[in-house]
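Hi,

Here is the structure I promised to pass on. Have a look at it first, and then read my notes below.

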Amino acid sequence: MDKAVNDAVNKQIQAEMDSAYLYLAMAAYAEAKDLNGVASWMKIQAQEEMEHAMKFYGYVYQTGGEVELLALPKPKKDFGSILDIFEAALDHEKLITSKINSLYELSMKKKDYAFQSFLKWYIDEQVEEESTAADIIAQIKMIGDSKEGIFMLDKELGSRSAEEESAE
Ligand code: FEO
């Protein structure tokens, strides 16, 4: 495995674990606010991010590289309103998309076709991640300040199941 590619993938493992940590912090915040559906959704999201990290981890060893784990920053504790939480999630996913795009650019520069092919799954996944967060934001905006609406949305978000995700 090319050294620059190996280093970039190790940084992406850190970014995916950092995403998991962020979503887990959001889950804990929602839990404290009795938004149990949001908390459950965020915990599943955190698990997904760990799976994203593990896919990169596996790829490193499949291609003769070496995993070096990097430190994670402490996530913040206060995320504001339910709208603020999902807006922060969307901003974060946009950041991750830009990181995946940079990896793709690196794969082209290095003419590393196997890496290019491997990254395609992440490119598609990022489209889905951004669209899901944007859809939830649109729903929250429709609901406005309605307590009943937030209650219903929280319930709906709580119906997301880990099994459904892995079946996709
Ligand atoms: Fe692994 Fe949500 O990007």
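At the start of helix H1, a side-chain oxygen of aspartate 2 comes to within 2.9 Å of the backbone nitrogen of alanine 4. That fits a polar contact: a pair of N or O atoms within 3.5 Å, where within protein one must be able to donate a hydrogen and the other to accept it, and residues adjacent in sequence count only if both atoms are side-chain atoms.

Before going on, note that this is a predicted model, where local features need pLDDT of at least 70 and side-chain atom pairs count only at pLDDT 80 or more, while totals for chains, interfaces and linings use all residues. Residues are numbered from 1 along each chain as its sequence is written, and side-chain values use heavy atoms, with hydrogens and water left out.

H1 itself covers residues 3-32, 30 residues in all, and reaches 44 Å from its first C-alpha to its last, close to the 44 Å expected at 1.5 Å a residue. (That expected span is 1.5 Å times one less than the number of residues; helices are DSSP runs of H or I with at least four residues, numbered from the N terminus.)

Just after H1 comes aspartate 34, with a positive phi of about 65°, in the loop between H1 and H2. Aspartate 34 is exposed, at a relative accessible area of 62%. (Exposed means over 50%, buried under 20% and partly exposed in between, with a 1.4 Å probe and protein chains only.) Lysine 111 also has a positive phi, about 50°, although it is not a glycine. Lysine 111 sits in the loop between H3 and H4 and is exposed at 58%.

Now for the inside. The largest nonpolar core (buried Ala, Val, Leu, Ile, Met, Phe, Trp, Tyr and Cys residues joined through side-chain atoms within 4.5 Å) has 25 residues, and among those touching the most other members are Met26, Phe79 and Leu157. H1, H2, H3, H4 and helix H5 (147-157) each supply at least two residues of this core, and H1 gives the most, with seven.

What lines the largest cavity? The lining residues are Tyr23, Trp41, Gln45, Ala89, Glu93, Glu129, Thr132 and Ala133. H4 gives the most to that lining, with three residues.

Happy browsing!

How values were computed. On a 1 Å grid over the protein atoms alone, a cavity is a set of points where a 1.4 Å probe fits but cannot get out, and a pocket is an open set with protein on both sides within 12 Å along at least five of seven lines; lining residues have an atom within 4 Å of a point.
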